[in-house]
Amino acid sequence: MTDPTKRGPSRRTIMGAAAAALMPLPLIPTAASAQGKALTITTTGILNNVNPYAHSSIHLYYIWSQIYGSLGRYNYAAKAYEGVLAESWETVEPTRWRFKLRSDLKRHDGGPGPTSTDVVHSWRRILSDPASQQAFFLTEVDKFERVDDRTFDIVTKRPVAQLLSLLFDRFVVTSADLHEKHGANADKAAAFGWGPYKLDRFDIDRSVIVARNPSWPGMPASAPETVIYRQILEAEQRVTALLNNEAQIARLIPPQLVDRLKSNPAVKEVETGSLEWMFLGMNVKIKPFDDPRVRRAVAHAINADLIVKRLLFGLADPMQGAIGKHQDCFAPSAARPEYDPKKAKALLAEAGFPDGFDVEFATANGRYVSDRQVGEALAQMLRQVGIRAKLNTPDYANFTNDIRQGKLPLYYTGRSAANDQLEALAQYFETGGSRRTNYSDPEADRLFREVRAAFDTNVQCDLQRSLSDKLSQDSPVVFLWTHRLVNGVRSNINWPADATGEPWLTDITVS
């Protein structure tokens, strides 16, 4: 497998107008980057495209949301939605939402504040840009309608009570007039938005540098003045950069390296739960996973608690159904298959596989915490019940593409989610959602429809828990755990991290 940290010498660099005089960024920023209110944050997410719509990755959603500006965000500390570019919103009728944009914002180049025209332009671009990978979260939207310069409506195809969860933190608004002026080159020539930070430099596969937007209303004086998002895929390198003060926030420290943080008094641990659910996926159109008995046999073969204890050092929260511990509507599912190898073997025999079967099994290597080691443990557990899983670790880009195309029979991966789990589940389990599992069931589809139509929170949660029971029973995937996120942070940095694991920069204090 190609080492993703070792790239060729060719680099493509995108700079904002304010960055034209910047010298090339060193491979590891010096400790001077920690002076004043500058901050270096490591990221394990790939920084590979300046087009804000050409990805579906949470780390880039958060970066672009703070540069161009998203409609809003979910504040996990307050457990409430709050506007970023949007000032207010209301449900006019079950299929029509009305939003009003803020009037106190200026574009980074001194241009006007965001308008309804910009919002409608961004919607159309997500749907029409050949590079866009974000149309999936707009599948419930029929149209965006301009009402006046600062007011627009979103009309949905059916009632969607979870609309804010679908759009906030990721629907990024870009300028219609800059795109008209520069065309497809706008993301490179005029990457100006309205967010609290403005882009200084985007160095493909290496780093993104942003600077405080001085005209952002209410910008905290203690927030970092300059932030470098530094792509470091190797965990050892992230820890070393932190201990050398070459980075001030080192994210996603794997369990086996946590003790290294304890040896340095200038470093502290910041630990949170997470929303990204890890799972063992099966494609129900590829035999023998079309048989629910085989899928439940897989589920009964996995001792998730043992992996959490031995490989993850307890730094994970086992899932007890389709809804994670840190999400809305969480409740354990009584239908979740328990670890029971004898029952797994009996189900395989009943399905016509008394001697088991051979299967190709894939996982990423270096994308998730201890993913290869976890894959090896899962494969071993499957072999113990007769499922002879051959472990493969393809390049991550090919791995994810094969999942999306429905080519993998069995795989271990994760899925980023929001406070509300419905959209993530729909992508994998609603008929027509994707080819990732090819699962389709009329009862599950009915529950998806009813959850969307339920604007009462208690009714929503009752229906989501029923959906969790249904998916646990049918086992198109084995819901495993959500990782505990361990981050190393220099002692002069206060970061109120939340379950997304993504920094919202105005919440960070540099002292």
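**Notes on the predicted model**

1. Pro 318 stands opposite Trp 481 in strand S19. That is a handy place to start, with the reminder that we're looking at a predicted model. The pair belongs to the contact between S15 and S19, which run antiparallel and are joined by three bridges. On another strand, S14 (residues 277-282), five bridges make the link to S19, again antiparallel. If you want one pair to click on there, take Gly 281, whose bridge partner in S19 is Val 477.

2. S19 itself (residues 477-483) is mostly covered, with seven of its seven residues buried. Buried here means under 20% relative accessible area.

3. Now the sheet around S19. Six strands form an open sheet, and the order to trace on screen is S15-S19-S14-S18-S16-S17, with mixed pairing. Strand S15 (316-318) and strand S17 (387-392) are at the edges with a single partner strand each, so one side of each has no neighbour in the sheet. From one strand to the next, the twist averages 30°.

4. Further along that sheet, S16 (residues 357-363) and S18 (residues 410-415) run parallel and are joined by two bridges. Ala 362 has Tyr 411 in S18 as its bridge partner. Helix H12 (residues 396-404) packs on the sheet and touches S16 and S18, and the helix direction makes about 100° with that of S18.

5. There's also an open sheet of four strands, ordered S5-S6-S8-S7, and here the pairing is antiparallel. Its edge strands are S5 (86-93) and S7 (141-148), each of which pairs on one side only. The twist in this sheet averages 20° from one strand to the next.

6. Within the four-strand sheet, six bridges hold S5 and S6 (residues 96-101) in an antiparallel pair. Ala 86 stands opposite Leu 101 in S6. Helix H2 (residues 116-128) packs on this sheet, touching S6, S7 and strand S8 (151-156), and its direction makes about 165° with that of S7.

7. Strand S20 (residues 485-490) deserves a look too: six of its six residues are buried. Which residues lie on each side of S20? Leu 485, Asn 487 and Val 489 are on one side, while Val 486, Gly 488 and Arg 490 are on the other, and both faces are covered. Don't skip over Arg 490, a charged residue that is among those buried.

8. S20 has two antiparallel pairings to check. Strand S13 (residues 267-272) is joined to S20 by six bridges, and Val 270 stands opposite Asn 487. Strand S12 (residues 249-250) pairs with S20 over two bridges, with Ile 249 and Val 489 as bridge partners.

9. Helix H1 (residues 58-69) has 12 of its 12 residues buried, so it is largely enclosed by the rest of the structure. Among the buried residues are His 59, Tyr 61, Tyr 62, Trp 64 and Gln 66. What covers them? The cover over the buried residues of H1 includes strand S2 (38-43), H5, S9, strand S10 (207-212) and strand S11 (226-231).

10. Gly 195 sits in the loop between helix H5 (186-189) and strand S9 (197-203). Why does Gly 195 count as buried? Because its relative accessibility is 0%. Leaving aside neighbours within four places in sequence, the contacts of Gly 195 include Gln 66, Ile 67, Tyr 68 and Gly 69, and these four are also buried residues of H1. His 108, Asn 213 and Trp 216 are in contact with Gly 195 as well. By contrast, Ala 241 is 46 residues from Gly 195 in sequence and 28 Å away in space, C-alpha to C-alpha.

11. Last, the second largest pocket, with a volume of about 290 Å³. It is lined by 15 residues, and those nearest its centre are Tyr 81, Ala 161, Asp 420, Thr 457 and Gln 460. Helix H3 (163-167) and helix H15 (457-474) are the elements that give two or more residues to this lining. H15 gives the most, with three residues. By type, the lining divides into eight nonpolar, five polar and two charged residues.

Note on methods
Residues numbered from 1 in each chain as written. Predicted model: local features only at pLDDT ≥ 70, side-chain atom pairs only at ≥ 80, totals over all residues. Heavy atoms only, no water. Pairing = 2+ DSSP bridges. Axes fitted to C-alpha atoms, helices over the stretch in contact; angles between N-to-C directions. Contact = heavy atoms within 4.5 Å. 1 Å grid on protein atoms, 1.4 Å probe; cavity = no way out; pocket = protein on both sides within 12 Å on 5 of 7 lines; lining within 4 Å. Points joined across faces, edges and corners; volume = space filled by probe spheres on them. Buried < 20%, exposed > 50% of the residue type's maximum accessible area, 1.4 Å probe, protein only.
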